[in-house]
Amino acid sequence: MSQTKHRPQVAIICGSGLGMLADTLKCQDSFAYSDIPGFPQSTVQGHAGRLVFGELKGKTCVCMQGRFHMYEGHSLCKTTFPVRVFKLLGVDTLIVTNAAGSLADGLQPGDIMVIKDHVNFPGMGGLNPLTGPNDDKFGPRFPAMSGCYDKGLRCVAMEVAKQLGVANIMQEGVYAMVGGPNFESIAEARLLHRLGVDAVALFPLMDEIII
Ligand SMILES: O=P(O)(O)O[C@H]1O[C@H](CO)[C@@H](O)[C@H]1O
């Protein structure tokens with residue numbers, strides 16, 4: 001923290017295709033993950049591997065330009081380590097973005113889905129970054145998932161989409177996480193759709209669970 005004057009309340013994890021958002025921050029201080037003790041390294045194409053502090057529309061933010069996935073070989077503790085760092089920095093709002101596969105009939109490639117709830121398949125099978133002794137300073141032993149996706153922020157997102165004239169490509173939905181790195185088979189995609197899943201991707205949900 002001695003190397004930046006920024007004290008962010010908002011953290012944004014930029015998934016595939018959104019890394020350039022971090023480049024738009026004003027008064028930037030940026031750090032390569034390789035220079036931050038304890039951070040894993042990005043190995044996925046298009047994930048630059050930088051932590052960028054700065055101002056976005058007047059709000060102090062920190063952006064992860066590239067995230068970590070379990071399929072890269074990181075432990076779940078490692079993939080979610082940055083979120084714990086954000087909490088210690090004073091961040092109270094986490095915006096997680098990710099490239100996902102759409103399953104809902106009304107979602108076209110390129111559309112935006114705001115997550116209203118999730119199905120954590122690896123978590124249901126016991127793969128969870130909170131496994132092990134609980135550190136109460138980060139949260140309770142048995143965190144509820146019912147309020148994971150803040151209703152107020154979701155409403156703001158939908159309202160802003162209207163103002164920008166992109167409401168027609170944005171909707172709320174249920175998101176499922178699977179392990180990857182292979183994408184879903186056709187039968188798996190059909191099954192997920194029948195279960196009420198609107199979009200599916202590979203592992204980013206662990207960040208929401210740890211915050
Ligand atoms: O937006 P990111 O985090 O890269 O995630 C999605 O994009 C990659 C595959 O295209 C997978 O990692 C998937 O989960």
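A search of the whole structure finds five aromatic pairs, where rings of Phe, Tyr and Trp (its six-membered ring) pair if their centres lie within 6.5 Å, and planes under 30 degrees apart count as stacked, over 60 as edge-to-face and the rest as tilted. The structure is a predicted model, in which local features need pLDDT of at least 70 and side-chain atom pairs count only at pLDDT 80 or more, while totals for chains, interfaces and linings use all residues. Residues are numbered from 1 along each chain as its sequence is written, and side-chain values use heavy atoms, with hydrogens and water left out.

One of the aromatic pairs is formed by F31 and F53, which meet edge-to-face with 5.8 Å centre to centre and 85° between the planes. Because F31 belongs to strand 2 (residues 26-32) and F53 to strand 3, this pair ties together parts that are 22 residues apart in sequence; helices (H or I, at least four residues) and strands (E, at least two) are DSSP runs, numbered from the N terminus. Both F31 and F53 are buried, meaning under 20% relative accessible area, with exposed being over 50% and partly exposed in between (1.4 Å probe, protein chains only).

The pair of Y33 and F68 is tilted, since the ring centres are 5.2 Å apart and the planes stand at 55°. Y33 sits in the loop between strand 2 and strand 3, and F68 in the loop between strand 4 and helix 2, so this pair ties together parts that are 35 residues apart in sequence. Y33 counts as buried because its relative accessibility is 0%, and F68 counts as buried because its value is 4%. Ring pairs link Y33 and F68 with F39 and F81 into a cluster. Not counting residues up to four places away in sequence, the contacts of Y33 include P40, L51, M64 and F68, a contact being heavy atoms within 4.5 Å.

Y33 returns in the hydrophobic interior. The largest nonpolar core has 16 residues, and Y33, L51, V62, M64 and F86 are those with the most contacts inside it; such a core is a set of buried Ala, Val, Leu, Ile, Met, Phe, Trp, Tyr and Cys residues joined through side-chain atoms within 4.5 Å. Two or more residues come from each of strand 1 (10-14), strand 3 (50-56), strand 4 (59-65) and helix 2 (76-89). Helix 2 gives the most, with three residues. Apart from this core lies another, of ten residues, including L107, A199, A201 and L205.

Strand 1 is largely enclosed by the rest of the structure, because five of its five residues are buried. V10, I12 and C14 point one way from the strand, and A11 and I13 the other way. Strand 1 runs parallel to strand 4, joined by five bridges, with C14 opposite Q65. Strand 1 also pairs with strand 5 (residues 93-96) in the parallel sense over four bridges, and here A11 stands opposite L94. Two strands pair if DSSP finds at least two bridges between them.

Elsewhere, four strands form an open sheet of order 6-9-8-7 with mixed pairing. Its edge strands, strand 6 (101-102) and strand 7 (112-120), each pair on one side only. Strand 6 and strand 9 (residues 199-202) run antiparallel and are joined by two bridges, with G101 partnered by V200.
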